[in-house]
Each structure stands twice: as C-alpha cells, then as structure tokens.
Amino acid sequence: MRQINVGIIGTGWCGGIRAEACSTSPWVKELHIAEIKPERLKEVAAKTKPVTATLDYRELIANKNIEAIMISATPETTHYPMAKEALQAGKQVFLEKPIALELSEADDLIDIARQKSLIFTIGYSQRFNPKFAYVKRSIDEGTIGEPCSALVSRHITRNLGKKIGGRIKLSPAAMEATHDIDFVLWCFAPRKPIRVYCQEVHKIMKGEYNVPDCAWIVVTLDDGSAFTIGAGWVLPPGYPNFSSTWIEMVGTEGAIMVDDTHRDVALNTLKSGIQFPISTMPGEKVQHVYAGPMEAETLHFLECVALGKQPLVTAEHARMVMQVYQAADLSAEQGRPVELVTEQVPAGAAR
Ligand SMILES: NC(=O)c1ccc[n+]([C@@H]2O[C@H](COP(=O)([O-])OP(=O)(O)OC[C@H]3O[C@@H](n4cnc5c(N)ncnc54)[C@H](O)[C@@H]3O)[C@@H](O)[C@H]2O)c1
C-alpha cells in the first residue's frame, strides 16, 4: 500500500476534522499542519500528533516530502493564493469551497493543475452524505427515470451566518446554496445551466453584517428542466452548527424525497432545552465513529492521491457551480433573470 505525506493549512473547524481523519488513516505516512492561531495549533497537534506543526503555511509548501495539501483556511480570500502556491510547488490539492472569489482565479488554478497534471479538487462534502449519494445512484441506475425538476432547501443557524458574514461578504448563494447547486448539477449532468433567477431577503443580518438572510434561486437547464435551491443562515440555534436540509428530486419514472432535517435524534436537558445532535453539515466524531460526510470525503482525497485517481469533484464542475451562484448574486442585485453562457465542461465533470 502506497502511503503519502499530507499537509493541512488552517486547522479550524473543518481543518481540524481533516487533520483527525488524516492522523488515523492508513493512507497517511506523515501529517503536517499549519495554523496561525498558536492555541488552536497546539490543540490540534495534541490530538493528531503531526510530524511538524507550524504557524507558517509556507513551510508546508516548501517541504519537498509533502505530496498533498488540504487547504481549510479562512477568510476565503486565502483560498486562491494558497492553492496557487501549492499547485505551483507541485502539490496535489484539496481546497475547501469556494474554489476562488473570481472566475479568472478559478481558471488560473485549473490551468496550473492541468499543466502540471496535478489533482485539484474542491470540498463539496455533501456528495459524501449517504442520503445524497442515494439520490445520485437512483438517477444513475434509472430508478426514477430522467430527472425533471428538483428542490433543495438548506438552512443553518444564525451563529454560522454571523461567523461567515463576519469574515467575508459572500452571499448564502455562494456559501450555502453552492453545495446544493453542485449536487443538483451533478445529478442532472451532462445538462448545463442556462438561466438563473434569484431573490434575497434582507431583514435580520442586514444591520450588523450586511449580508442577506437567505436566497431563493431558480436555475433553468439547457433541456428545459429546472431546479430551485433555498439557502439561509438565520435559524435560531438548535445545536452548535445545526443544519437542516430537505430534498425533492422528481424524475420521469419516480421521485425521491430526502429528509436531512436532523430531527431524528433529540436531546432534551434542563440546561439547554431541546437540541438536535450530530446535525452539522461536515459532521462530527461520535466516540469511535464519524457521523457526517467530511471524514469520508477526506479519505477519498487521500485514496485518490495514493492511487493516482481523479476525485469525485472536478475543479471544472466547481467552476460551473461558481458561474451559477455568481449569476444568482447578479440576479438578486438587478431583479431580473441572468442568462448564462457555459463553456463545454470536460467529461470528468459529469462523473
Ligand atoms: N464542506 C463543508 O461542510 C464546510 C463547512 C464549513 C466550512 N466549509 C468551508 O471550509 C473553509 C473553512 O471553514 P471553517 O469553518 O473550518 O473556518 P474556521 O475559521 O473555523 O477555520 C479556518 C482556520 O484557518 C486559519 N488560518 C487563517 N489564515 C491562515 C494561514 N495563513 N495559515 C494557516 N492557517 C490560517 C484560521 O486561524 C482558522 O483556524 C471555509 O472556506 C468554508 O467555506 C465547508
């Protein structure tokens, strides 16, 4: 079995999960971590026992022994420069969404990865949620026929809305709906989005954070099929990082309704009232098992690097997702549908 040396940049919430997954994976020989908060670096290092733990991510980029880098830093302005440096140094790269802030930056990263024949994949972790994978399989195997329309409604708590809105002015379309745009376009591939209409609501987050509360998006595809994504971040807390999702996927021969609203495990205490544990989007460790998609996604990347395989999420697909959420932002701003011209997406993107 070929083992690899992996570096993780930014060991906050997601990077911490990725570091823990790497530290126990048989694919990993050496783990290296970089984090600018000394306390957090110490905390994650104590849990994951990396070979090196540094405050300067450039030490990981310069380390010739490191083959793969996972970038989980915030704010999102760090994504493009860090990914560019890592790719230029010849590393296989996993980058949390968003791929970049501008399409031109995404194109630059995709070009470098292609020129150097490197793996470059984006963290669309919901593809590793078994319920989502079931929907995809039901389409691929023809169980519900050809998909015709879909709805995904995803809502997270205002604690998360404030965390994101406090660090960067990206919309719920770019930061939340992005997962569901990725997922539905994956299900509907090889169809391409041609038109996007979006309305935002500005009532709760406007004053303090100047970001929308939610976005409702309608996307039309090139064969006339359509889907709707609703994404918001103003729910009251139900659990730290609570997330609630509902999916309707309707096909020519059937339909699938997926309840991922996380009301199935309810904890009720005198101290905190009712809470819905294990309901975060990336998931969390529960004793000896992991509940959620992020551990499986991390292991998938490690396996792809070790075996030289293309990961499930291509950067070209992530670019198409970016086109859709940028069009949604423009549509909300201008109050009109926005027409899209999507380039031919390489076959890998339809996987
Ligand atoms: N797939 C999912 O389910 C999911 C969920 C949440 C967040 N995300 C994405 O993952 C990314 C990380 O989100 P998070 O919630 O873990 O953020 P976070 O703020 O909890 O963690 C980011 C960490 O990066 C560190 N950092 C910043 N600059 C750095 C630098 N120069 N060098 C090293 N470390 C640096 C910060 O100190 C922080 O600890 C975001 O971009 C977000 O879009 C994905």
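**Pockets, ligand and cysteines**

Mentor: By class, 16 nonpolar, ten polar and ten charged residues make up the lining of the largest pocket. Keep in mind that this is a predicted model.

Trainee: What volume does the largest pocket have?

Mentor: The largest pocket has a volume of about 760 Å³.

Trainee: And which residues lie nearest its centre?

Mentor: Cys14, Ser72, Thr74, Lys163 and Arg167 lie nearest the centre of the largest pocket, out of 36 lining residues.

Trainee: Which helices supply at least two residues of that lining?

Mentor: Four elements each supply at least two: α1 (13-23), α4 (79-88), α7 (158-165) and α8 (172-188).

Trainee: On to the ligand. Which residues come nearest?

Mentor: There are 27 residues around the ligand, and Cys14, Glu35, Thr74, Glu76 and Ser125 come nearest. Cys14 and Thr74 are also among the residues nearest the centre of the largest pocket.

Trainee: How far is Cys14 from an oxygen atom of the ligand?

Mentor: A polar backbone atom of Cys14 is 2.8 Å from an oxygen atom of the ligand.

Trainee: And what about the side chains of Glu35 and Lys163?

Mentor: Glu35 has a polar side-chain atom 2.5 Å from an oxygen atom of the ligand. For Lys163, an N or O atom in the side chain is 3.0 Å from an oxygen atom of the ligand.

Trainee: Next, the second largest pocket. How much space lies in it?

Mentor: About 300 Å³. The second largest pocket is lined by 20 residues, and those nearest its centre are Asn129, Asp260, His262, Ile278 and Gly292. Two elements, α6 (130-140) and β11 (243-251), give two or more residues to the lining of this pocket.

Trainee: How does the lining of the second largest pocket split by class?

Mentor: Seven nonpolar, nine polar and four charged residues.

Trainee: Now cavities. How many of 30 Å³ or more does a search of the whole structure find?

Mentor: One. About 50 Å³ of space lies in the largest cavity.

Trainee: What lines the largest cavity?

Mentor: The lining is Phe94, Thr121, Ile122, Phe128, Glu297, His300, Phe301, Pro311, Leu312 and Val313. By class, that lining has seven nonpolar, two polar and one charged residues.

Trainee: Which element gives the largest share of that lining?

Mentor: α10, with three residues. Both β6 (120-123) and α10 (294-307) supply at least two residues of the lining of the largest cavity.

Trainee: Switching to cysteines. How many disulfides does the structure hold?

Mentor: Zero.

Trainee: Why is Cys148 not in one?

Mentor: Because the closest cysteine sulfur, in Cys187, is 13 Å from the sulfur of Cys148, which is too far for a bond. Cys198 is in no disulfide either, and its nearest cysteine sulfur, that of Cys214, is 8.9 Å away. The cut-off for a disulfide is a pair of cysteine sulfur atoms within 2.5 Å.

Trainee: Is Cys198 buried or exposed?

Mentor: Cys198 counts as buried, because its relative accessibility is 1%. Cys148, at 33% relative accessibility, counts as partly exposed.

Trainee: One last residue. Where is Ser225?

Mentor: Ser225 is in the loop between β9 (214-221) and β10 (226-235). Ser225 is buried, with a relative accessible area of 5%.

Trainee: Which side chain does the side chain of Ser225 join in a polar contact?

Mentor: That of Asp223, in a polar contact of 2.5 Å.

Note on methods
Residues numbered from 1 in each chain as written. Predicted model: local features only at pLDDT ≥ 70, side-chain atom pairs only at ≥ 80, totals over all residues. Heavy atoms only, no water. Buried < 20%, exposed > 50% of the residue type's maximum accessible area, 1.4 Å probe, protein only. 1 Å grid on protein atoms, 1.4 Å probe; cavity = no way out; pocket = protein on both sides within 12 Å on 5 of 7 lines; lining within 4 Å. Points joined across faces, edges and corners; volume = space filled by probe spheres on them. Nonpolar A, V, L, I, M, F, W, Y, C, P; charged D, E, K, R; others polar. Near = heavy atom within 4 Å. Polar contact = N/O pair within 3.5 Å; in protein donor to acceptor, adjacent residues only side chain to side chain.
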